[in-house]
Amino acid sequence: MASTPIDSEMEKKGLEPQRDSTDRSLRIERDKADDAISGKRDEGRKVEEETDRVLHKARERADEVVQTARDEVDREHPESEATSQRQRAREDRALGSERNAADALLAEERKARRRYLDDFLELEREATDEDLSGERSCADRLITSRDEFLANACHDVRSILHGLALSSDLLLKIASEGGGDPRISQVATSHRRLVARMNRLVSDLLDVAAILAGKLVVAPEQVEVAKLVRETLEGLRQVAAAKGIALDAELPELPVQASLDEGRVLQVLANLVSNAIKFTHANGTVTIRLRPSANEIQFSVTDTGLGISKNDLSNIFERFSQIRTDRRGLGIGLHIAKSIVEAHGGRIWAESELGSGSTFHFTLPVESSGSSQE
C-alpha cells in the first residue's frame with residue numbers, strides 16, 4: 001500500500017474544531033477585557049465628572065471670595081470704584097482665558113489617554129492575531145511532517161510485516177509437508193497471530209491520521225446487514241471461547257438490506273465485540289442485536305462484564321481515552337468506530353453501570369451517500 005502525504009488544506013479542516021474552540025476562548029477573553037475596560041472607562045468618566053464638579057465648585061468659591069474682597073475695597077474706597085471696575089474686568093477676562101486654556105488642555109489630555117488606550121488595545125489584538133496565525137502555521141507544518149512520517153513509517157512497517165507473514169506461512173508449509181518438529185508449526189502460528197495484531201495496530205494508526213486529516217472515506221454499497229453480524233461472530237468466536245465467553249446474536253427474521261461500507265462496519269462491530277470480550281469474565285455473554293426501522297438500522301453490543309464508570313463513560317469515544325482500570329491498547333478503537341459511524345451519517349453511544357455490564361449502540365441510515373470525512 002503506497003503512502004501519500006497528508007494534504008495541508010485537509011489537515012486544516014481536521015483541526016477546525018480545535019481552532020474554533022481556541023477562537024471562541026479568545027473571543028470570550030476579549031469580551032471580558034472589553035467589559036472590564038468599559039467598566040474602567042465608566043469609572044473614569046465618573047471620576048472626571050466628579051473632578052469637574054469639584055473644580056467648578058472651587059472656582060465658584062474662589063470667585064465668591066474675590067468678589068467679597070472687591071466689595072470690601074469698594075466700601076472703603078468709593079472714590080476709586082470706576083477705575084477698579086475697569087481693572088477688574090481686565091483681570092476677569094485674563095482669568096477666564098486661563099481657565100478656558102486649562103480646560104482645553106485637560107480635555108485634550110483626556111482624549112489623548114483614551115486614544116492611547118484604544119491604540120494599545122488595537123496593537124495588542126493585532127499582535128495576538130499575528131502570533132496566533134504564526135503558531136497555527138507552525139502547527140500545520142509540524143503536523144504535516146508528523147503525518148507524512150507516520151504514513152511512510154507505517155508503509156515500511158507493513159512491508160516488513162508482509163515479509164514476516166510470508167515467512168510464517170512458509171514455515172507452516174514446511175512443517176506440514178516434512179513432518180518435522182511440531183514446535184516449528186506452533187512458533188509459526190504464533191508469529192502469524194503477532195503479525196496480524198501488528199497489522200491491525202498499523203491500520204488503526206493510519207485511520208487516526210486519516211480522521212485527523214479529514215480523509216476517512218466510506219464507500220457504501222448494498223449489503224445484507226445480518227451477514228456482517230454473522231461474520232463478526234465467526235471471526236471472534238475462538239477468542240471468546242478461549243475466555244469461556246458465549247457469543248450470541250438476535251437478528252430479524254427477514255433479510256435487511258442497507259447501503260453501507262461493509263469493511264468499515266465490520267471494523268466497528270469487531271472493535272465493539274472485541275472490547276466486550278476483553279472486559280467480560282469467564283462464563284459471561286456478549287450479544288449483538290440488530291433492530292431495523294424505516295429510516296435506520298440500530299446495532300447493539302451488550303456484555304455482562306465489568307461495566308464503565310460515569311466519569312469514563314463521558315469520554316470513551318475521545319481519541320486516546322482509556323478506561324481508568326485498564327490501560328491496554330492505545331485508546332483509539334472507539335474513536336475510530338465513532339468516526340466511521342458518523343461518516344455514514346449515523347450516531348454512536350454507550351450505556352453502562354459499574355458491575356452491570358455495558359451496551360454500545362450505533363445507528364446507520366438505510367440509505368447512505370458515502371463521503372470522505374471533510
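E351 of strand β6 stands opposite T359 in β7, and this pair belongs to a ladder of six bridges that joins the two antiparallel strands. In the same predicted model, R347 faces T363 in β7. Both R347 and E351 lie on the uncovered face of β6. The protein chain as a whole holds seven helices and seven strands, and the points below proceed from the β6-β7 region to the sheet, the helices, individual residues and the overall figures.

**The β6-β7 hairpin**

- Strands β6 and β7 form a hairpin with five residues between them.
- Within that turn, G355 adopts a positive phi of about 85°.
- The two faces of β6 are unlike in cover: I348, A350 and S352 make up the covered face, whereas R347, W349 and E351 make up the uncovered one.
- β6 (347-352) and β7 (358-365) are also among the elements that cover the buried residues of helix α7.

**The five-stranded sheet**

- An open sheet of five strands has the order β2-β4-β5-β7-β6, with mixed pairing.
- The edges are taken by β2 (246-250) and β6, and each has a single partner strand, so one side of each is left without a neighbour in the sheet.
- On average, neighbouring strands of this sheet are turned by 15° against each other, direction ignored.
- Strand β4 (residues 285-292) and strand β5 (residues 296-303) run antiparallel and are joined by seven bridges.
- A hairpin through three residues connects β4 to β5, and R289 stands opposite S300 in β5.
- Strands β5 and β7 are likewise antiparallel, with eight bridges between them.
- In the β5-β7 pairing, F299 stands opposite F362 in β7.

**Helix α7**

- Helix α7 (residues 333-343) is mostly covered, with nine of its eleven residues buried.
- The buried residues are G333, L334, H335, I336, A337, S339, I340, V341 and A343.
- Their cover includes two helices, α3 (182-212) and α5 (262-278), besides the strands β6 and β7.
- G345, which follows α7, has a positive phi near 90°.

**Helix α3**

- Helix α3 has 31 residues and reaches 46 Å from its first C-alpha to its last.
- This span is close to the 45 Å expected at 1.5 Å a residue.
- The buried residues of α3 are A188, V195, V202, L206, D207, V208, A209, A210, I211 and L212.
- Just after α3, G214 takes a positive phi of about 70°.

**Individual residues**

- R158 is found in helix α2 (residues 81-178).
- The relative accessible area of R158 is 23%, so R158 counts as partly exposed, the range for that class beginning at 20%.
- R158 and N199 are 41 residues apart in sequence, and their C-alpha atoms are 6.8 Å apart in space.
- N283 lies in the loop between α5 and β4.
- The phi of N283 is positive, about 70°, although N283 is not a glycine.
- Most residues other than glycine have a negative phi.
- N283 has a relative accessible area of 73%, so N283 is exposed, the cut-off for that class being over 50%.

**Overall figures and confidence**

- Along the sequence, the elements follow the pattern α-α-α-β-α-β-β-α-β-β-α-α-β-β.
- Of the 374 residues of the protein chain, 32% count as buried.
- Among contacts between residues at least 6 apart in sequence, 74% join residues at least 24 apart.
- The accessible surface of the protein chain comes to about 23,200 Å², and 54% of that area belongs to carbon and sulfur atoms.
- The mean pLDDT of the protein chain is 81, and 88% of its residues reach 70 or more.
- Over residues 1-12, pLDDT stays under 50.
- For residues 1-12, the model has 29 contacts beyond four places in sequence.

Note on methods
Residues numbered from 1 in each chain as written. Predicted model: local features only at pLDDT ≥ 70, side-chain atom pairs only at ≥ 80, totals over all residues. Heavy atoms only, no water. Helix = DSSP H or I, 4+ residues; strand = E, 2+ residues; numbered from the N terminus. Buried < 20%, exposed > 50% of the residue type's maximum accessible area, 1.4 Å probe, protein only. Contact = heavy atoms within 4.5 Å. Areas by Shrake-Rupley, 256 points an atom, 1.4 Å probe, with all protein chains shown as cover. Pairing = 2+ DSSP bridges. Axes fitted to C-alpha atoms, helices over the stretch in contact; angles between N-to-C directions. Expected span 1.5 Å × (residues − 1). pLDDT = per-residue confidence, 0-100.
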